[in-house]
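Here is a report on one protein chain with a bound ligand. Please keep the sequence and the 3D view open while reading.

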Amino acid sequence: MKNVGRNRGCVVTGVAGFVGSHLAEKLLSLGHRVVGIDNFFSGYPENMASFKDHPAFTFYDTSIAEEGLLEWISGRHSGLSYCFHLAAIVSVPYSMDHEEETTKINYDATLKLLQSAEKLRFSRLVFAGSAAEYGNDQRLPLLETYADEKTRHLSPYGQAKFMASRAVASNPIGVALRFFNIYGPRQDPRSPYSGVISRFLDMALANKVLTIFGDGHQARDFVYVSDVVEAYIRAAGLNDTGPSVPNGVYNVGTGKSTTILELAETIKDLTGNALPLNFCRERPGDIRFSLASVDAFSGAAHWVPRISLRAGLRETLHWVRRDSV
Ligand code: UD1
């Protein structure tokens with residue numbers, strides 16, 4: 001058994017985002033210090049409400065593309081040794097129209113952070129990769145090795161995440177986590193780029209018809225945000241039990257497949273929405289099935305997803321309800 005102790009110095013980029021804010025909250029609750037970075041490109045100050053005044057938290061409103069950012073932060077805060085790099089252009093459609101900017105933020109800036117972290121002798125940099133790195137590969141479940149230089153990425157977002165993951169994974173301090181469809185409280189339900197779960201919950205509660213793009217038999221691997229946070233903690237080695245994770249790239253999903261039709265029916269059931277579903281044209285560029293093999297990370301980190309879809313949906317529903325009153 002390791003004894004990680006408390007008071008470790010952590011940098012969280014994208015701290016005002018949906019996942020980054022949950023991660024910062026958890027690190028602070030474990031007794032660590034957190035320096036958070038965000039430029040509110042897609043994050044919100046409200047996401048930090050529960051910890052913005054925490055004495056072990058410091059926030060900088062800046063872009064990760066700033067030259068020498070990690071050096072500058074490390075000059076002001078001693079003992080920083082963990083970097084959780086979540087900040088990115090997160091919208092796939094936006095990346096289609098802004099290829100150069102996506103490469104600059106999602107790839108170039110990641111490389112710079114990685115080089116700085118290594119030079120500053122950080123113990124670990126954990127990077128937020130994406131299932132988009134697999135393109136439309138339909139060999140399911142998806143193994144980490146399936147994404148390679150031959151993969152045809154469907155967006156600049158997928159391409160940049162793949163290149164960044166590869167660079168991170170090959171560095172001795174790097175762990176790239178390839179996340180499948182993350183959901184939970186604080187996932188923005190109103191943006192046109194919102195994930196299907198926050199969208200469906202929001203619509204169902206407003207007693208609106210849920211719209212299914214295509215026949216609804218497309219399926220995804222939905223993973224709840226607290227399981228994702230635990231994956232970050234284990235990837236960094238900040239957990240007291242379990243092994244140290246070797247550098248590399250690891251899928252983070254549940255290994256369970258849910259069709260969009262099943263999801264819609266469960267949400268209707270949980271919210272009491274009795275309206276018939278509205279089927280419309282398939283979304284251009286949509287992939288059909290996505291499912292993770294999580295054996296590699298389960299083996300390396302002794303991590304298992306704990307929250308069932310129904311339980312996670314209930315928690316998310318509480319939050320959407322609280323938000324709409
Ligand atoms: C998700 C990611 C994306 C990533 C991709 C990698 C989100 C929000 N997006 O896209 O960044 O590149 O995984 O595989 O997490 N749907 C409906 N009705 C709706 C909304 C969606 O039927 O109102 C369907 C979509 O057509 C799709 C499925 O639900 O088939 C999931 O959609 P979405 O939540 O946007 O995620 P992905 O397309 O998997």
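Leucine 28 is buried, because its relative accessibility is 6%. Buried means under 20% relative accessible area, exposed means over 50%, and partly exposed lies in between, with a 1.4 Å probe and protein chains only. Leucine 28 belongs to helix H1, residues 18-29. Helices (H or I, at least four residues) and strands (E, at least two) are DSSP runs, numbered from the N terminus. Alanine 56 is 28 residues away from leucine 28 along the chain, yet the two C-alpha atoms are separated by 7.0 Å.

This is a predicted model, in which local features need pLDDT of at least 70, side-chain atom pairs count only at pLDDT 80 or more, and totals for chains, interfaces and linings use all residues. Residues are numbered from 1 along each chain as its sequence is written, and side-chain values use heavy atoms, with hydrogens and water left out.

**Overall fold**

The protein chain has ten helices and 13 strands. Its C-alpha trace spans about 60 × 45 × 40 Å along the principal axes. The radius of gyration is 19 Å, which agrees with the value near 20 Å for a compact globule of 325 residues. That radius is taken over C-alpha atoms, and the globule rule is 2.2 Å times the number of residues to the power 0.38. Of the 325 residues, 54% count as buried.

**The ligand site**

How many residues surround the ligand? The shell has 20 residues, and the closest are Val196, Thr211, Arg220, Arg283 and Asp286. A residue is near a molecule if one of its heavy atoms lies within 4 Å of it. By class, eleven shell residues are nonpolar, five are polar and four are charged. Here Ala, Val, Leu, Ile, Met, Phe, Trp, Tyr, Cys and Pro count as nonpolar, Asp, Glu, Lys and Arg as charged, and the others, Gly among them, as polar.

Three side chains place an N or O atom by an oxygen atom of the ligand. A polar contact is a pair of N or O atoms within 3.5 Å; within protein, one must be able to donate a hydrogen and the other to accept it, and residues adjacent in sequence count only if both atoms are side-chain atoms.

| Side chain | Distance to a ligand oxygen atom |
|---|---|
| Asparagine 181 | 3.0 Å |
| Glutamine 218 | 3.1 Å |
| Aspartate 286 | 2.4 Å |

The protein covers 87% of the 730 Å² of accessible area that the ligand has on its own. Accessible areas come from the Shrake-Rupley method with a 1.4 Å probe; for residues, only the protein chains shown count as cover. Helix H6 (196-205) and strand E8 (211-213) are the elements that give two or more residues to the shell.

**Loops**

Asparagine 207 sits in the loop between H6 and E8. Its phi is near 55 degrees, a positive value in a residue other than glycine. Asparagine 207 counts as exposed, because its relative accessibility is 52%.

Glycine 214 lies in the loop between E8 and strand E9 (219-220). Is glycine 214 buried or exposed? Glycine 214 is buried, at a relative accessible area of 16%. Its C-alpha atom is 3.9 Å from that of glutamate 282, with their positions 68 residues apart along the chain.

Histidine 302 also has a positive phi, about 55 degrees, although it is not a glycine. Its loop runs between helix H9 (295-301) and helix H10 (309-324).

Proline 141 is in the loop between strand E5 (124-130) and helix H5 (156-169). The peptide bond from leucine 140 to proline 141 is cis, with omega near -5 degrees.

Asparagine 47 is in the loop between strand E2 (33-38) and strand E3 (57-61). Asparagine 47 is buried, because its relative accessibility is 8%. A polar atom of its side chain lies 2.8 Å from the backbone oxygen of alanine 16.

**Cysteines**

How many disulfides does the structure hold? The count is zero. A disulfide is a pair of cysteine sulfur atoms within 2.5 Å. For cysteine 83, the nearest cysteine sulfur is that of cysteine 10, 9.6 Å away. Cysteine 83 is buried, at 0% relative accessibility. Cysteine 280 is partly exposed, at 31%.

**Helix H3**

Methionine 96 is in helix H3, residues 92-97. It counts as partly exposed, because its relative accessibility is 46%. The C-alpha atoms of methionine 96 and aspartate 221 are separated by 24 Å, and the two residues are 125 apart along the chain.
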